[in-house]
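Work through the exercises below with the sequence and the structure side by side. Try each task before you read its solution.

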Amino acid sequence: MAAINLGFMKLPLSGPYNSIMIITGFLWACICVTVTFNLVTPRGPALGQGTPDKIIDALGKTMIVQAAWCIIYYNYVGASVLCVFTTGPWEMLDPKKQTDKWAAQVGRFSGNQFEQSVVFIPCLWMYAALVDYETAWALGVLYIIGRVMYPLFYALHGSFSLWFQHITQVGYAVNGVFMLGSLMRGAGGDYIQFAKDQPIFVPILGAVVGVFTLLPGIGVTLPWFALHTKMDRG
């Protein structure tokens, strides 16, 4: 298998863990969030729109994004239920014709979405309410599209591969923009003006924040991983 040997690690260049997919996934994420970010004009926080009715109106599209997320999640939970019933009491499918990984992979449809929800949902609402409601819903729609497309890669490849980076990194990038805006506004910065002045740089910087916070980890990831690895014992 072709690989780049860095001495302390090897990066495969073929097969399901082809490292090139990490790079192309990041580039695709940058393109997606940048295009989406520029489809709308930043307008500021929803809570700054005045009356309760105006605040609700400002958050209307974000509410639709949230509802769509819930619908998709329930759909994927339903897919796992179908795995049990169609091969069990309903006798619709012959379990012997399905692979051992069939049901487990369907479980990843909702499993992956749930794992990412603890970042996406609070970031979506924090950003929409306190930073900018307009780019919030637009990026939220992009995130939802990624959730809808996620199972396609299992269907096409039959197993996990780094092709998933072209879906998952888009989600990380969306969350990164939300985190970037929240951090900047929380620190007293004029994020809205910054976003208007730098409409290309801001979403790309957000993608960097989101992707690299996950891996290699901006924060405590590497120190705790190194300590845990060193102290690991039987």
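Helices here are DSSP runs of H or I with at least four residues, numbered from the N terminus. Keep in mind that this is a predicted model.

**Exercise 1. Place Gln113 and describe its surroundings.**

Step 1. Find the element. Gln113 lies in helix α4.

Step 2. Decide between buried and exposed. Buried means under 20% relative accessible area. Gln113 has a relative accessible area of 0%, so Gln113 is buried.

Step 3. List the contacts. Leave out residues up to four places away in sequence. Gln113 then touches Trp69, Ile72, Tyr73, Tyr76 and Arg147.

Step 4. Look for a polar partner. The side chain of Gln113 reaches the backbone oxygen of Trp69 at 3.1 Å. Trp69 is also among the residues that Gln113 touches.

Step 5. Check a distance. Asn38 is 75 residues from Gln113 along the chain, and their C-alpha atoms are separated by 26 Å.

**Exercise 2. Compare Thr86 with Glu91: which is buried and which is exposed?**

Step 1. Locate both residues. Thr86 is found in helix α3. Glu91 lies in the loop between α3 and α4.

Step 2. Apply the cut-offs. Buried means under 20% relative accessible area, and exposed means over 50%. Thr86 has 8% relative accessibility, so Thr86 counts as buried. Glu91 has a relative accessible area of 68%, so Glu91 is exposed.

Step 3. Check for a contact. Thr86 touches Glu91, along with Met92, Leu93 and Trp102, when residues up to four places away in sequence are not counted.

Step 4. Add the polar pair. A polar atom of the Thr86 side chain lies 2.5 Å from the backbone oxygen of Leu82.

Step 5. Inspect the backbone of Glu91. Its phi is near 50 degrees, a positive value in a residue other than glycine.

**Exercise 3. Describe the largest nonpolar core.**

Step 1. Start with its members. This core has 48 residues, and Phe37, Tyr127, Phe178 and Tyr191 touch the most other members.

Step 2. Trace the helices that supply it. The helices α1 (20-37), α2 (52-58), α3 (60-86), α4 (102-130), α5 (133-157), α6 (165-186), α7 (191-197) and α8 (201-214) each give at least two residues to this core.

Step 3. Find the largest share. It comes from α5, with nine residues.

Step 4. Zoom in on Phe37. Set aside its neighbours within four places in sequence. Among its contacts are Tyr127, Leu139, Val177 and Tyr191. Thr135, Ala195 and Pro203 are also in contact with Phe37.

**Exercise 4. Find the cis peptide bond.**

Step 1. Name the pair. The cis bond joins Leu215 and Pro216, with omega at about 5 degrees.

Step 2. Place the proline. Pro216 lies in the loop between α8 and α9 (221-231).

**Exercise 5. Sum up the whole chain.**

Step 1. Count the elements. The chain has nine helices and two strands. Along the sequence, the pattern reads β-β-α-α-α-α-α-α-α-α-α.

Step 2. Give the dimensions. The C-alpha atoms fill a box of roughly 60 × 55 × 35 Å along the principal axes.

Step 3. State the burial. The chain has 234 residues, and 40% of them count as buried.

Step 4. Turn to the surface. Its accessible area is about 13300 Å², and 70% of that belongs to carbon and sulfur atoms.

Step 5. Examine contact range. Take contacts between residues at least 6 apart in sequence. Of these, 74% join residues at least 24 apart.

Step 6. Tally the charges. There are 13 positive and 11 negative side chains. The centres of the two sets lie 7 Å apart.

Key:
Residues numbered from 1 in each chain as written. Predicted model: local features only at pLDDT ≥ 70, side-chain atom pairs only at ≥ 80, totals over all residues. Heavy atoms only, no water. Buried < 20%, exposed > 50% of the residue type's maximum accessible area, 1.4 Å probe, protein only. Contact = heavy atoms within 4.5 Å. Areas by Shrake-Rupley, 256 points an atom, 1.4 Å probe, with all protein chains shown as cover. Lys, Arg positive; Asp, Glu negative; His and termini not counted. Charge placed at Lys NZ, Arg CZ, Asp CG, Glu CD. Core = buried A, V, L, I, M, F, W, Y, C linked by side-chain atoms within 4.5 Å. Polar contact = N/O pair within 3.5 Å; in protein donor to acceptor, adjacent residues only side chain to side chain.
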